[in-house]
Structures are given as structure tokens and as C-alpha cells.
Amino acid sequence: MLGYYDIILRYFLSKMDAEKAHEFVKKIAKFKLPTRSNFDKLNIRIKNIELKNPLALAAGFDKDAEMITFLSSLGFGYITAGSVLLRPNRGNPKPRIIRYPGYKSMTNSMGLPSVGVEKFLSNLKKQRKFSRLSISIAGNTIEEIVKLYNLVADHADFIEINLSCPNTENGRLFQDKENFDKLSLELSKVKRKITFVKVSPSIGKKEIENHLDIASLCMKRNIDGITAVNTLPIKDAKLSTKQGGLSGKMLFSWMLKTVRLLYEETNGKLLINACGGIFTAEDAIKAMMNGASTFQIYTSFVYEGISLPNKILKGINQFINYNKFSNLNEVIGYKIK
Ligand SMILES: Cc1cc2nc3c(=O)[nH]c(=O)nc-3n(C[C@H](O)[C@H](O)[C@H](O)COP(=O)(O)O)c2cc1C
């Protein structure tokens, strides 16, 4: 029944402008859906947090924490809310999302619109949670990021720090080694939740070296893991800003390469959250075999709709049973260990 409504809804949403479709979803996504998604072998422990499964919704879909009740009832192991900023921000002018349906990809230049942390937390208080919660934060200075961390930490199971937004002037400032050294030092003084940093895809030699520097600083400063990856900077003349970040299927191979690199180079000592172009159980299994403990989706959720989480989880469960793995931990890094 859910699948039937999902198909009709997706048809209408695909005919609308991308941001108008998202606003429409926000208006109707107010309630809990009666979904069933308990798969016995998919539960996984991330340090001291028990997840019912490794699938998460990525940052940016519920930037202002307005749809947690609805989204967390769809079967996800956790939902990422945000990225939230310290103060309200309007983001870039529209149009700022362009879909490429033939490629199951899209480019956005949102520029981190946010209602600001005060309103974000008041929205969050009105929501019910049926899964774990991660809060993504972003800021222009160390002081801002540390202040935000302190304000949101008690409201979430995980904190994700967005170091890699391609659509704001300072969005990737803290991916620079020297800047991240200073930021990670300050974070280590206040850190009290499982904390991830989110990086861009590693494409060239310079980025690969940079990611390895970030990874070793994470280990040094006791930051738990890395979310790999954010969108890939790309041009699109239809965006008001003429450039944005590419997400979806076209990002998958770069995501996989980044996950594998980080896992191999850290000997599995950092948690890795795979994010980028995951559409199917097969994609998710590949990400986990290359070293990810958990994985996040965004663009596939937009294209495939609300029955997707259940479809992916069912597929992974079947794989585990068919191949006689006893649990997910045996799958993580399987190709590399
Ligand atoms: C419209 C849009 C808005 C996004 N906003 C954020 C954001 O606020 N913070 C963040 O860390 N990532 C943001 N992202 C990036 C996603 O979280 C994710 O890293 C990226 O889309 C790759 O995953 P996917 O291929 O499954 O979409 C955004 C992506 C899209 C498409």
C-alpha cells in the first residue's frame, strides 16, 4: 500500500521544481508512518550506540529539524538533521537545485540555508524520534563551530561536522590541514559525543594527501570517524551561482575510492560513514566491504521515494543470510582485511 502511494507521490514531485517539491514534502511529512523494518542481523554497534541498522539519511534533507517524526519512522538506523548554523542564513539565490533524472544525479548550490541553531532546537523539541539522531553542524570560525557543538551535543547521538560544503565562501576552509589541526584541537577539549567530520570526494593526488592528513589528525585528536563524501564541485549554467555540488549515482565511484583509501590507510581504526550515490543494497554492501560501518543516502531517497530504506535493508539482510555471514561486522572491510 505504501509503495502505491509512493509511486503516485513521486510522479507528481518529479514534475515540480526541485525546491518546490521539497517544500511540499515538508508540509505533508508531519506524521509517523506505520513501517516495519526489523531485520535481525542488521543491528550494529557504533562505539556505545546501538543502531537497528547501518542506513542513515544524509545531511541537508532536513536542514531545520522539521521532519524527524516522519523521517525516523521510515526504517533508517539514524537520521542526520542539519547542517545547522549558529545564526540564520538564507543561502544562495534560486535556482539552486538542478536534477539530472537520466543520470539519477543532481547538482545543488544551496549555500547552507539554515534557520539558525535556536529555531532548529525549538523545532527539534516538537519532534518524536523513532531512530537515532545525528546533527550536522557548519561554521566559518573555530569559535562558531565549538559553540554550536556545545549547543547541540546533548540533543544527538552523533555529531557530524561539515568541513566540505562546496557552495559557500568558507565551506571548505577547515578541510585545510593547518586549519583542521587547530579546529580538531579545540574540538577535542569539548567533545562528548561520537563525532564525525565530513569530507569532499578525493579525486586527485593533492586531495588524497589532504584526506590522509585529516584522517591522522582525527586519530590523534580522538575524533571517531569520517563521513565520506560530500558533493563534488561542478559547473552548471542553470544554477544562479553557475556552479554547485554533484550528488547521486555519478558520485558513487569516487565515494567508494575515498572510503577504501581511508579504511586502508587507517587500518580500520576510524569509523567510516559512506555517503554518495548509494541507491541499492548492492551499492551499500560494496561500501561496507570497502570499509564503511554505516552509510547515508540523500539523492536516491529523492528519486526512489519513501519505500527505498526498506528495500535496501531487505536486500542487505538477504545477502547476509545467503552468504552465511553471522553479522554485519564480518562484512565491514571484507575485501581488504
Ligand atoms: C540539496 C542538497 C543539500 C545538501 N545539504 C547538505 C548540508 O546541509 N550539509 C551536508 O553536510 N551535506 C549536504 N548535502 C550533501 C549530502 O549530505 C550528501 O553528502 C551528498 O548529496 C552525496 O550523497 P548522495 O549521492 O546520496 O546524495 C546536500 C545535498 C543536496 C543534494
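Let's start at Ser83, which has its place in strand 4. Keep in mind that this is a predicted model. Why start here? Two features meet at Ser83. Look at the backbone. A cis peptide bond joins Gly82 and Ser83, with omega at about 15°. In general, most peptide bonds are trans. Now look at the side chain. An N or O atom there is 2.7 Å from a nitrogen atom of the ligand.

That takes us to the ligand. How much of the ligand does the protein bury? Taken alone, the ligand exposes 610 Å², and the protein buries 97% of that. Which elements give two or more residues to the shell? They are strand 3, residues 55-62, strand 6, residues 105-108, and strand 12, residues 243-248. Strand 3 gives the most, with three residues.

Next, the shell itself. How many residues surround the ligand? There are 24. The closest are Ala59, Ser83, Lys198, Gly277 and Thr299. By type, the shell divides into eleven nonpolar, eleven polar and two charged residues.

Two lysines make polar contacts here. The side chain of Lys63 has an N or O atom 2.8 Å from an oxygen atom of the ligand. Lys198 has a polar side-chain atom that lies 2.8 Å from a ligand oxygen.

Stay with Ala59 for a moment. Ala59 lies in strand 3. Is Ala59 buried or exposed? Its relative accessible area is 13%, so Ala59 is buried, the cut-off being under 20%. Compare positions with Val84. The two sit 25 residues apart along the chain, and their C-alpha atoms are separated by 9.5 Å.

Now the aromatics. The structure holds seven aromatic pairs. A pair of rings is described by the distance of the centres and the angle of the planes. Take Phe61 and Phe301. Their ring centres are 5.2 Å apart and their planes stand at 70°, so the pair is edge-to-face. The cut-off for that label is over 60 degrees. Why does this pair tie together separate parts of the sequence? Phe61 lies in strand 3 and Phe301 in helix 10, residues 299-304, so the pair links parts that are 240 residues apart in sequence. Both rings belong to buried residues: Phe61 has a relative accessible area of 7%, and Phe301 has 5%.

Phe301 has a second partner, Phe76. Here the centres are 5.6 Å apart and the planes are at 70°, so this pair is edge-to-face too. Phe76 lies in the loop between helix 3, residues 68-71, and strand 4, residues 78-84. Phe301 is in helix 10, so the pair ties together parts that are 225 residues apart in sequence. Phe76 counts as buried, at 0% relative accessibility.

Put those together. Phe61, Phe76, Tyr298 and Phe301 form one aromatic cluster.

One more ring, this time with a charge. Lys249 lies over the face of Phe279, at 4.5 Å from the ring centre.

On to a loop. Thr266 lies between helix 8 and strand 13. Thr266 is buried, with a relative accessible area of 4%. What does its side chain reach? The Thr266 side chain reaches the backbone oxygen of Leu262, at 2.7 Å. Gly268 is found in that loop between helix 8, residues 252-265, and strand 13, residues 271-275. At 31% relative accessibility, Gly268 counts as partly exposed. The C-alpha atoms of Gly268 and Ser293 are separated by 9.8 Å, with their positions 25 residues apart along the chain.

Last, some backbone geometry to check on screen. The peptide bond from Lys94 to Pro95 is cis, with omega near -5°. Pro95 has its place in the loop between strand 4 and strand 5, residues 97-100.

Then phi. Most residues other than glycine have a negative phi. Lys47 has a positive phi of about 55°. Lys47 lies in the loop between strand 1, residues 44-46, and strand 2, residues 49-51. Lys47 is partly exposed, with a relative accessible area of 45%. Leu112 also has a positive phi, of about 50°. Leu112 is found in the loop between strand 6 and helix 4, residues 117-125. At 10% relative accessibility, Leu112 counts as buried.

Key. Residues numbered from 1 in each chain as written. Predicted model: local features only at pLDDT ≥ 70, side-chain atom pairs only at ≥ 80, totals over all residues. Heavy atoms only, no water. Near = heavy atom within 4 Å. Polar contact = N/O pair within 3.5 Å; in protein donor to acceptor, adjacent residues only side chain to side chain. Areas by Shrake-Rupley, 256 points an atom, 1.4 Å probe, with all protein chains shown as cover. Helix = DSSP H or I, 4+ residues; strand = E, 2+ residues; numbered from the N terminus. Nonpolar A, V, L, I, M, F, W, Y, C, P; charged D, E, K, R; others polar. Phe/Tyr/Trp six-rings, centres within 6.5 Å; stacked < 30°, edge-to-face > 60°. Buried < 20%, exposed > 50% of the residue type's maximum accessible area, 1.4 Å probe, protein only. Lys NZ or Arg CZ within 6 Å of the ring centre and 35° of its normal.
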